[in-house]
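This report covers selected local features of one chain. The sequence and the model are shown first, and the text then goes through burial, contacts and surface.

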Amino acid sequence: MSPKPGSESAMLTPLAGRRGRWYALRLEYDSSRTRSPWWTPILSVVLALLLCAVFIAANGMSPLVVYEKMFRGAFGTSYGFTETMVKAIPLLLCGLGIAVAYRISVWNIGAEGQLTVGAMAATAVTIYFPDLSSFWSITLMLVFGTAAGALWGLMTAVPRTHFGVNELITSLMLNYVALLALDYVVFGPWKDPKGFNFPGSPMFTAAQSLPVLGSTRLHIGLVFGLVAVLIYYLMIRFTRWGYELRLIGANSTAARYAGIHIKKHIIIVMLISGGLAGIAGMAEVSGVTHKLMQGISPGYGYTAIIVAWLAKLNPLGLIVTSILFGGLIVGGYSVQTIGLPSSISEMLQGAILFFLIAGDMIHRFRIRRSA
């Protein structure tokens, strides 16, 4: 249990002061210091790189060579950069959804499941309405994907608001429900009869696929993400709803006494959060894989938690961190050519999260001097 604000959590050796007085250094926990300095994310990334460099060196390789290879693979060529942006799209959409919920301290860790059901709902349009025009196919896929993700988020919000169930538990468990539902449809009713017995839906037609940029795989899902970030910024900064979200996040008790309906806001932010993750799922199947298959997401929903946390819920920061982590994923693939596994990117992500949380916790302690 954390010590109470202002309480002594440690007593250090007394120090001799001027005029014969003695002083003691006291370590105090201050729960009111909720915002860490702006440089904490930057320092977390630097420390994570230094820590992982130790393990890389222990493996008999030069950390500088490995990091250079990752950077070149992710940003050094036009192909690498566009692939980084492709990976950044679901991270941006899911991270934005998580950031909206985090604004009022609702800990949504179910973006992975919300992305999955969004991909399934979008695929349902291609299966049950296969002859629609491109406009109607993409529109319905976007609507169905958003609605499915929002419904999955609602299934977390209702137990929290009406029964006091912790959203961490429900959102996490619903991830596994979504993944099992995905396995059922790709191994069962939606399995492609021409797919050589591989689990997956039939390939999407050109009318069911998102437009791409030239000969790359970069699709207009990027526009979805950037527009969503712009709307998020405008809503948070210039609307009453955004002000109420910021007030709830700063002091929920004061917001309640001010007449703000907190339960209603929890439901709204979870609908938005799930809907954005559902859009990410729709963009992934329609813009990248062009079919629904097992393992449609390599963990975008979980990585998006670090993206939102590292960005400190800042709109511009979300864009930067999503590109950074997209680059980590692509760079992880590139180091396989020099004998390292792609999981090095996961090690870096975990180290960044570790130092980020540690920095936030350390910031809440302060050293005081008392006579």
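Cys52 is buried, at a relative accessible area of 1%, where buried stands for under 20%, exposed for over 50% and partly exposed for what lies in between (1.4 Å probe, protein chains only). Cys94 is likewise buried, its relative accessible area being 1%. The number of disulfides comes to 0, a disulfide being a pair of cysteine sulfur atoms within 2.5 Å.

The model is predicted: local features need pLDDT of at least 70, side-chain atom pairs count only at pLDDT 80 or more, and totals for chains, interfaces and linings use all residues. Residues are numbered from 1 along each chain as its sequence is written, and side-chain values use heavy atoms, with hydrogens and water left out.

The table lists relative accessible areas for five residues.

| Residue | Relative accessible area | Class and citation |
|---|---|---|
| Cys52 | 1% | buried |
| Cys94 | 1% | buried |
| Thr156 | 1% | buried |
| Arg26 | 18% | buried |
| Trp39 | 42% | partly exposed |

Helices (H or I, at least four residues) and strands (E, at least two) are DSSP runs numbered from the N terminus. Arg26 belongs to strand 3. Its C-alpha atom is 5.1 Å from that of Arg368, a residue 342 positions away along the chain.

Thr156 is part of helix 5 (residues 134–163). Beyond its neighbours within four places in sequence, Thr156 has contacts with Glu167, Thr170, Ser171, Leu174 and Met270, contact meaning heavy atoms within 4.5 Å.

Helix 11 (residues 300–310) is mostly covered, with 9 of its 11 residues buried. These are Tyr300, Gly301, Thr303, Ala304, Ile305, Ile306, Val307, Ala308 and Leu310. They pack against helix 1, helix 3 (78–102), helix 4 (111–128), helix 10 (262–289), helix 12 (315–334) and helix 13 (344–363). After helix 11 comes Lys312, which has a positive phi, near 60°.

On the surface, Trp39 sits in the loop between strand 3 (22–29) and helix 1 (40–58). Together with Trp38, Ile42, Leu43, Val46, Leu47 and Leu50, Trp39 makes a nonpolar patch of about 730 Å². Patches take residues with over 30% relative accessible area and no salt bridge, joining like charges within 9 Å and nonpolar side chains (Val, Leu, Ile, Met, Phe, Trp, Tyr) within 5 Å. A salt bridge is a side-chain nitrogen of Lys or Arg within 4 Å of a carboxyl oxygen of Asp or Glu. Accessible areas come from the Shrake-Rupley method with a 1.4 Å probe, and for residues only the protein chains shown count as cover.
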